[in-house]
Amino acid sequence: MVRSAILTLAGTLFATQVVAQDAVPTPARSAQLVRMVRQDCGSCHGMRLTGGLGPSLAREALAGKNTEYLAAVITHGIPGTPMPPWSAMLSPSEAQWVAEQLLRGFPEEHRNSAP
Ligand code: HEC
């Protein structure tokens, strides 16, 4: 009895740690983040994120850059340029998630109301 309870607890702790490490937001929060990036970041980086006032954030344009760099730019902005810091809007793990998605090719926004 006690032994299986301990195993269950260990399993739960392990699962929690895996989620925290991978920095995966809930499906609802990822949908919000996708909308935010497409709209707020898109206002400078272009509706298709292929560049505007800010440079292209397309996968090809970011080739050779890493998640840590992109997450840091997103969190802190680039002082002296129009690129603002997003630390008030995005947790560190969310900034990392956005950076990972950009490197993979950012997902399209899914509108639930779409026919
Ligand atoms: C007010 C305009 C503006 C907004 C809004 C904005 N950016 Fe930027 N961003 C810029 C500009 C301008 C640069 C280039 C700065 C420079 O280096 O001259 C930049 C640079 C970047 C870079 C570095 C690109 C590279 O190739 O090194 C990343 C990554 C980035 N932005 C991501 C984002 C994300 C993600 C968002 C939304 C959460 C966002 N930006 C919102 C203006 C903006």
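# Exercises on a four-helix model

Of the 115 residues of the protein, 16% count as buried. Keep in mind that you're looking at a predicted model.

**Exercise 1. Work out how many helices and strands the protein has, and in what order the elements run.**

Step 1: Count the elements. You should get four helices and zero strands.

Step 2: Walk along the chain from the N terminus. The elements read α-α-α-α.

Step 3: Now look at contacts between residues with a separation of 6 or more. Residues 24 or more positions apart account for 51% of those.

**Exercise 2. Decide which class, parallel, antiparallel, perpendicular or oblique, fits H3 and H4, and list who makes the contact.**

Step 1: Find the two helices. H3 covers residues 67-76, and H4 covers residues 92-104.

Step 2: Take the geometry. The helices pack at an angle of about 125 degrees, and their axes are 8 Å apart.

Step 3: Compare with the cut-offs. Roughly perpendicular stops at 115 degrees and roughly antiparallel needs over 145, so H3 and H4 are oblique to each other.

Step 4: Check the handedness. H3 passes H4 in a right-handed crossing.

Step 5: Name the partners. H3 brings Thr67, Leu70, Ala71, Ile74 and Thr75, while H4 offers Pro92, Ala95, Gln96, Val98, Ala99, Glu100, Leu102 and Leu103.

Step 6: Sort them by class. The contact of H3 with H4 has nine nonpolar, three polar and one charged residues.

**Exercise 3. Is Leu102 buried or exposed, and what does Leu102 touch?**

Step 1: Locate the residue. Leu102 sits in helix H4.

Step 2: Count neighbours. A residue needs 20 or more other C-beta atoms within 10 Å to be buried; Leu102 has 23, so Leu102 is buried.

Step 3: List the touching residues. Leaving out residues up to four places away in sequence, they are Leu57, Leu62 and Leu70.

Step 4: Look at one of these pairs. Leu102 and Leu70 are 32 residues apart along the chain, yet their C-alpha atoms are separated by 8.8 Å.

**Exercise 4. Do the same for Leu49 and Phe106: is each one buried or exposed?**

Step 1: Start with Leu49, in the loop between H2 and H3. Leu49 has 22 other C-beta atoms within 10 Å, so Leu49 is buried.

Step 2: Check the backbone of Leu49. Its phi is positive, about 60 degrees, although Leu49 is not a glycine. Most residues other than glycine have a negative phi.

Step 3: Move to Phe106, in the segment after H4. Phe106 has 21 C-beta neighbours inside 10 Å, so Phe106 is buried too.

Step 4: Connect the two. Phe106 touches Leu49, along with Val37, Leu57 and Gln101, not counting residues up to four places away in sequence.

Step 5: Add a distance. The C-alpha atoms of Phe106 and Arg48 are separated by 9.6 Å, with their places 58 residues apart along the chain.

**Exercise 5. Describe H2 and the shell around the ligand.**

Step 1: Pick out the buried residues of H2: Val37, Cys41, Gly42 and His45. H4 is part of what covers them.

Step 2: See what follows H2. Next comes Gly46, with a positive phi near 100 degrees.

Step 3: Turn to the ligand. Of the 22 residues around the ligand, Cys41, Cys44, Gly54, Thr81 and Met83 come nearest.

Step 4: Ask where the shell comes from. H2 and H3 each supply at least two residues, and H2 has the largest share, six residues.

Step 5: Sort the shell by class. You get 16 nonpolar, four polar and two charged residues.

Conventions
Residues are numbered from 1 along each chain as its sequence is written. This is a predicted model: local features need pLDDT of at least 70, side-chain atom pairs count only at pLDDT 80 or more; totals for chains, interfaces and linings use all residues. A residue is near a molecule or strand if its C-beta atom, placed from the backbone, lies within 6 Å of it. Ala, Val, Leu, Ile, Met, Phe, Trp, Tyr, Cys and Pro count as nonpolar, Asp, Glu, Lys and Arg as charged, and the others, Gly among them, as polar. Axes are lines fitted to C-alpha atoms, for helices over the stretch in contact, and angles run from 0 to 180 degrees between N-to-C directions. Angles under 35 degrees count as roughly parallel, over 145 as roughly antiparallel, 65 to 115 as roughly perpendicular and the rest as oblique. A crossing is left-handed if the near helix is turned anticlockwise from the far one by less than a right angle, and right-handed if clockwise. Two residues are in contact if their C-beta atoms, placed from the backbone, lie within 7 Å. A residue is buried if 20 or more other C-beta atoms lie within 10 Å of its own, exposed if 12 or fewer, and partly exposed in between; C-beta atoms are placed from the backbone.
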